[in-house]
Structures are given as structure tokens and as C-alpha cells.
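Please open the model in your viewer, set it to a cartoon view, and keep the selection panel at hand. The tour below moves from one selection to the next and says what to look for at each stop.

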Amino acid sequence: MKRRFLFLLMAVFTFIGANAAINRENNKLYASAVTGKQGATVEVTLNMKNSFDIINWQTTLVLPEGVTLKGVAAADRWTQAIQVDGNKLFSETETAVAKGDGVVAKITLEIAADVAEGEYTIQLYPMEMTASDGTSVQQVAAQTFTLTVEAGDEPGTKGDLNGDGFIDASDIQIVLNDMADEKNDPKCDLNGDGFVDASDIQVILNIMAEAE
């Protein structure tokens, strides 16, 4: 009888442990591979997969040397502002975000001009989310994605967004189109502030003025 009881007890703990592992797997922050250029910014889409209704989340970006966190903004499924402390991100909401899988933030990274071309691994660790019932879900292993760094633009080509060899009104139009569509394309972020706006148009105008 005792042996049967112990076996049953072990089975229960095994079942609980398996479910805990499943819960962790079904609740995570993750990002897909991105490609950026030396001396430019690149946007990373941060996704959240949650099987609980979530009221807050936090994670830390472990970045390679020469890559820095330039900015972060809430997106799609997450509407609350995201606090930044070094490379740590944190946000909370009064209205729980329902179960699902999708974008919660757009992260802008800046790649130094002297970063060698190649592939770099970026980690999201540690990660923790809190469900509306107070349940805490911690990531037990780092989520990783790849940053591929390509050669930067040759000197003198900055602002030539359509690649026609000239810096003119057609390049300004590309920035205007990006602003209208709210795409925030990193190639249009000519001043590297993480946003595509009138200041990037000014960069093109300055380049045009210097070329006259």
C-alpha cells in the first residue's frame, strides 16, 4: 500500500512539473532574426506569447559589444509605456492583456560603425510575466535571436534612399511616405534617433545644400 501511495505521489509531482514546464513554454517574450548595417539603426519586433491574461512583463537585452539600445515603444497588443533602465525593459497595465501571441514592442538598436560584419546572438534574459491572478511566470532559459550585421553605406551615399545615385526630392518623398504609413523604416531614420520624422528630412536637405 505504501509503495502504491509513493508511486501515486511521484506521478502527481511529475505531472505538476510537466505542466509547469508547459506553462513556461507557452508564456515567453521572443524576437525574430534581423539584419542591420554598420553605423545604422535596426528595428527589432518583440513578441509575447501568453496562455494567461498578463498584467506586466519584464526582460533584459543582453547585447554584443558595439550594439546599444536606442529606444523602445509599445506596439499592437501592448499599449502601456515601456520603462527602460539600462538594457532592462519593464511595463505594466491595469487592463490585462488576453491570451495570445503577437507584437508588444518595437525595439530600436544602434550598430556602431566599427562592429565587424557577421552574425551576433542577442539574448532576452531573464524574463518574467505576471498573470492577472498574481501567478508569476519566469523564463528558465534565455530566448535568443540573431542580428546579422552587413557593411555600412559608403561615404557620400547617406540620404540616397532609392539608390539612384542622387540625393534629391525623391528621397525626401520616401521619408514622407514612411511617415504617412508609420512604418518607421530604419533606413529612413537618417539621424539615428529611433524615429522617422521631419528631422530626417532636414538631414537630406542639409546634404543637398552641402552638395551645391
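Is Glu110 buried, partly exposed or exposed? In this predicted model, select Glu110 with its side chain shown: its relative accessibility is 29%, so Glu110 counts as partly exposed.

**The first salt bridge**

Keep Glu110 on display and add Lys70, because the side chains of Glu110 and Lys70 meet in a salt bridge, at 3.9 Å from N to O. Glu110 belongs to strand 8 and Lys70 to strand 5, so the pair ties together parts of the chain that lie 40 residues apart in sequence. Lys70 is also partly exposed, with a relative accessible area of 37%.

**The second salt bridge**

A search of the whole structure finds 2 salt bridges, and for the other stop select Lys106 together with Glu43, whose side chains meet at 3.9 Å, again N to O. Here too distant parts of the chain are linked, with Lys106 in strand 8 and Glu43 in strand 3 (residues 41-50), 63 residues apart. Lys106 has a relative accessibility of 27% and therefore counts as partly exposed.

**The second largest pocket**

Stay with Glu43 and turn on a surface, in order to look at the second largest pocket, which has a volume of about 280 Å³. Of the 15 residues that line this pocket, those closest to its centre are Glu43, Ala73, Asn184, Gly194 and Phe195, and these five make a convenient selection. Strand 5 (67-74), strand 8 and helix 2 each supply at least two residues of the lining, and the largest share, 4 residues, comes from strand 5.

**A buried acid in helix 2**

Next select Asp178, which you will find in helix 2 (residues 169-181). Which side chain of opposite charge is nearest to Asp178? That side chain is Lys183, 6.4 Å away, and Asp178, although buried, has no salt bridge; a salt bridge would need a nitrogen to oxygen distance within 4 Å. Leaving aside neighbours within four places in sequence, Asp178 is in contact with Lys183, Asn184, Asp185, Cys188 and Val196. Among these contacts is Asn184, which was also one of the residues closest to the centre of the second largest pocket.

**A strand with two partners**

Now select strand 4 (residues 54-62) and colour strand 7 (residues 88-97) beside it, since these two pair in the antiparallel sense over 6 bridges. Then add strand 9 (residues 118-131), with which strand 4 pairs, also in the antiparallel sense, over 7 bridges. Thr59 is a useful residue to centre on, as its bridge partner in strand 7 is Leu89, while its bridge partner in strand 9 is Met127.

**A loop residue**

From strand 9, move to the loop that joins strand 8 (100-111) to strand 9, where Ala113 has its place. Ala113 is exposed, with a relative accessible area of 59%. Not counting residues up to four places away in sequence, Ala113 touches Gln38 and Gly39; the C-alpha atoms of Ala113 and Lys37, 76 residues apart along the chain, are separated by 8.2 Å.

**Stepping back**

Finally, show the whole chain, which has 3 helices and 11 strands and follows, read along the sequence, the pattern α-β-β-β-β-β-β-β-β-β-β-β-α-α. Buried residues make up 32% of its 212 residues. Among contacts between residues at least 6 apart in sequence, 68% join residues at least 24 apart.

Key:
Residues numbered from 1 in each chain as written. Predicted model: local features only at pLDDT ≥ 70, side-chain atom pairs only at ≥ 80, totals over all residues. Heavy atoms only, no water. Buried < 20%, exposed > 50% of the residue type's maximum accessible area, 1.4 Å probe, protein only. Lys, Arg positive; Asp, Glu negative; His and termini not counted. Contact = heavy atoms within 4.5 Å. 1 Å grid on protein atoms, 1.4 Å probe; cavity = no way out; pocket = protein on both sides within 12 Å on 5 of 7 lines; lining within 4 Å. Points joined across faces, edges and corners; volume = space filled by probe spheres on them.
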